[in-house]
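Thanks for coming, everyone. Please have a look at the sequence and the model on the screen, and then I will walk through what has been computed from it.

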2 protein chains.
Amino acid sequence: MKKYVPLLKRTKLFSGAGDDDILSMLNCLNATARAYNKGEYAFRQGGYIRDLMILAEGRLHIQKEDYWGNLNILNEIRPGEMFGEAYIVPNSGALMNDVIATEASTVLFFDIDRILTACPSACPFHTQLLKNMFYTISEKNKSLVQKLSYMSARSTREKLLSYLSDEAKRQNSSSFSIPFNRQQLADFLSVDRSAMSGELCKLRDEGLLGFHKSEFTLYEV
Amino acid sequence: MKKYVPLLKRTKLFSGAGDDDILSMLNCLNATARAYNKGEYAFRQGGYIRDLMILAEGRLHIQKEDYWGNLNILNEIRPGEMFGEAYIVPNSGALMNDVIATEASTVLFFDIDRILTACPSACPFHTQLLKNMFYTISEKNKSLVQKLSYMSARSTREKLLSYLSDEAKRQNSSSFSIPFNRQQLADFLSVDRSAMSGELCKLRDEGLLGFHKSEFTLYEV
DNA sequence: ATAAGTCTGTTGTTTTTCCAACGGAAAAGG
DNA sequence: CCTTTTCCGTTGGAAAAACAACAGACTTAT
């Protein structure tokens, strides 16, 4: 598990921890790792989760397929991100979504009960970890609300503009790249791909933005 | 603050606490209360929050108005529910939403720093409170994802069906009432009211459901 | 290098939603 | 009890999105 220490130091969950802190936490939290191939399902709808997870490397999509087979990407997980925290409440029921590795990925598992039940003496970092976990969930919560605000836009055009301008703000540059291809972006925003593609070109022709593949640039009007 | 103890005992945050626990926590967490009139804004976009809040009585809507004045209800808060947890992360920035009281409401405020920084001896319930808070946020997280799945439906019809069937499941009965009037439901699902109204009647005529005001009944097909 | 497969933009048709407006029913208020 | 306001269903025209299908550019695998 030692090789994950540099990564973990950069995660929000272990923010502020030293190497020693992390090593002792890994032990205290019963950390394990598991690798997934590209395209492999990490979890499926109907399954159960009893751990808190961090993506060490690769990329995961949390997605949902409805009764008629429409696919929707609910969220994208990048290295260092924590996930699964919504399902570790006792009796929270079965998973309602699929988690799929869109690249070869490695996931770290942490025993949730050991996180919430403090080990007073052994881990000096434990209190900070709790704080960090809380902050992380809060931020995720906020980003979910943010996505809800994209989704609540009435038109494809507004969805695109709100998502792209938020992304520009987030990356602190009017030029940025998004982690989706066209189909994935359409699934993320829950719109039709071809209609979205057309709308993107219309926005480009109107001079609001430019793009090449997944690289976008927003222009002042 | 004593009069809120019975309510707080029934909240998720204080689940499992005795009267004494709650009284000492109220003191430890610097709890205060504030009342809002019907229609009054509790918080406005651009403001800042430094407390964790619980709605004691009334009803709040978390809503967002976009540049062109379209109103969207992002969430509804009912008595006993915790809210504001997404904005208490240090440097999390200004509020992006409005919080409005749709009925005369009372809100309880708790000092977040006192929650996260344990007071070892004074409050025996503090550890459990942390656990409860974590569970609560997790559940909220989950319900946000659930709403995202309503929103990701491509048509008004599917949005209605997914929301109503989830609500039936949640209330454990095929007959149930929703906490929205038509306009609010339309805002919640981000669709046009009149179109939604028409779709509802179409669903009724097709025999999938029945309704009277905000009382709905789903029928097997 | 070639072939197979994927990604993206484009077009035309069909379907759905949005919007504005109206009237009746119900609720609220005096 | 009467007036005013809100709520809800309905309609028709305008606008937008969904859908299906296709062709060129680019990737990947052999």
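**Around the two DNA strands**

Let me start with H7(B), which contributes the most to the surface near DNA strand D, namely 5 residues. Helices here are DSSP runs of H or I with at least four residues, strands are E runs of at least two, and both are numbered from the N terminus. I should say early that this is a predicted model, in which local features need pLDDT of at least 70 and side-chain atom pairs count only at pLDDT 80 or more, while totals for chains, interfaces and linings use all residues. Residues are numbered from 1 along each chain as its sequence is written, and chains are lettered from A and ligands numbered from 1 in the order in which they are written.

Staying with DNA strand D, 18 residues surround it, and those that come nearest are A:Ser155, A:Asp192, B:Asn181, B:Arg182 and B:Ser194; a residue is near if its C-beta atom, placed from the backbone, lies within 6 Å of the strand. At least two residues each come from helix H5 (156-171) and helix H7 (193-205) of chain A, and from helix H6 (182-189) and helix H7 (193-205) of chain B.

Turning to DNA strand C, the nearest of its 18 surrounding residues are A:Asn181, A:Ser194, B:Ser155, B:Thr156 and B:Asp192. Two or more residues are given by each of helix H6 (182-189) and H7 of chain A, and helix H5 (156-170) and H7 of chain B, with H7(A) providing the largest share, 5 residues.

Finally, chain A is assigned domain 1 (2-142) and domain 2 (153-218), with bounds from an automatic or database domain assignment.
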